[in-house]
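Colleague: Got a minute to go through this one with me? I'd like to start with helix packing and then move to the ligand.

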Amino acid sequence: MHSEDLDFWIEICSDLNETQMLFLDAFLQNNRIDYITQIMGFHPKYLECFLSTQQYLLRGDGPLPFHYRHYIAIMAAGRHQCGYLMHLHEQEFILQGGNPEWLKGPSFTPKKLRNLNEVNKLMAHRPWMLSKMHIENLTKGKENWSLAEVMQAIILLSHFHALCSFVNGCGIKPEIDHNGGHTFRSSVSEQNSETDSDGSTNGEMNGEPEVGINVLLERMKKISEEGEEETTEEERLKRFNKIEIQSAEITTTARRPSPVAEILKYVEDEEFSYTDFAKRTEETQPTFRIQDYSWEEHAFSLANRLYPDIGTHLDDKFNMAYNLTYYTMGENNDVDTTAFRRSIWNYIHLLYGIMHDDYNYGQVNQLLERNLKAYVKTVTCYPERLTRKEYDNVMREFKHSEKVHVNLMLLEARQQGELLYALRAVNQYMT
Ligand SMILES: CC(C)C[C@H](N)C(=O)O
């Protein structure tokens, strides 16, 4: 670069704020600023962690060839029929020199990639079913995966499953150069098609009034004033089970979208989807206790060992999403929102049967009303079914950026939950 060019860039950059600088980075990384980046731009500190992790996963050092990484992204997004992500990574796959034949579907790919299907499916929908046997199946045979490759694949899968939740949870539409992206839709026809798709949850969605922010503020205050309540382990488990059973009663009646051929060609066993952990029939599956296997104490170092630095990237991203706060809620300032944020995070883990032993699950019912729980459940477990109406009907007094904030927590808690099961399985295989 000529020195005048450099001066030019320095001048531009010095005029940019934090978010704009990140957009510039994202543009240089991906040759575009996709809608995901734009929406995450509400939360620049988080966006920074997200972009650096994604950059490392897709373009940094690691055992998998670059085109494999994008193909795995497509397979992961296929589980939730997320055409948006699938299309982005089809383009990237080609740019990385991938064979266009593969884009006809997994049956055109090497057996090695096809073997990943089972783990992809279980991680996306019922991660508690993963066992060391699934890892063993990948690592043996002719076209086998090394453990380092398994680790990178697992992390890519979890990253893109969770990103499907974010894309749908925030209602991200196709990019302008994607199929369906550059079409004019009048607001009238949009409204009609969205009402037609009927996203009522258990038939109650529309009728139930929200508790509103003032009530939430009072409840949070009460919780913090009361402090930690002394409870027995048995009592805590009982509360956890109660919320778990209630969550299984929240069913979405929204129709599953009918997938188009472009998406379906990548998806095997399309019907396989989330079932409530509380209703699992595999009796061998006990509640997952964080005290026995946690990100900080177990999964983090295993990830770093098999795929250097990834644990650190993920750790930064999880911590950022878990602790991010502006001390605001709607129009209110100086609010300690910890209790609300914890209840969201822990509720997502509960949907996967993961229990935080020191958490009082009674708070979930105090702080998350039914519509919000239904929203969190849909976006976490079957994001492809979320409708515009469901999005509009929750957190009505929150700012738009706060709704995005909730979706960031959702993305991260979901990814961490999936990874806890997957890495535990890897660990069991190794010991
Ligand atoms: C999700 C939001 C209610 C979070 C809140 N704005 C905060 O700063 O903590």
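Modeller: Sure, handedness first: a crossing is left-handed if the near helix is turned anticlockwise from the far one by less than a right angle, and right-handed if clockwise. Bear in mind that this is a predicted model, where local features need pLDDT of at least 70, side-chain atom pairs count only at pLDDT 80 or more, and totals for chains, interfaces and linings use all residues. Residues are numbered from 1 along each chain as its sequence is written, and side-chain values use heavy atoms, with hydrogens and water left out.

Colleague: OK, which way do H19 and H21 cross?

Modeller: Their crossing is right-handed. Helices here are DSSP runs (H or I, at least four residues), numbered from the N terminus.

Colleague: And at what angle do H19 and H21 pack?

Modeller: About 50°, with the axes 10 Å apart; H19 covers residues 370-381. Axes are lines fitted to C-alpha atoms over the stretch in contact, and angles run from 0 to 180 degrees between N-to-C directions. H19 and H21 are therefore oblique to each other (under 35 degrees is roughly parallel, over 145 roughly antiparallel, 65 to 115 roughly perpendicular, the rest oblique).

Colleague: How does H15 pass H21, left-handed or right-handed?

Modeller: Left-handed.

Colleague: Switching to the ligand: which helix gives the most to its shell?

Modeller: H21, residues 400-430, with 3 residues. Among the residues around the ligand are Phe-398, His-405 and Val-406, counted if a heavy atom lies within 4 Å.

Colleague: What polar contacts does the ligand make with side chains?

Modeller: A ligand oxygen is 2.5 Å from a side-chain N or O of Thr-337, and a ligand nitrogen is 2.8 Å from one of Glu-402. The cut-off is a pair of N or O atoms within 3.5 Å.

Notes: Polar contact = N/O pair within 3.5 Å; in protein donor to acceptor, adjacent residues only side chain to side chain. Helix = DSSP H or I, 4+ residues; strand = E, 2+ residues; numbered from the N terminus.
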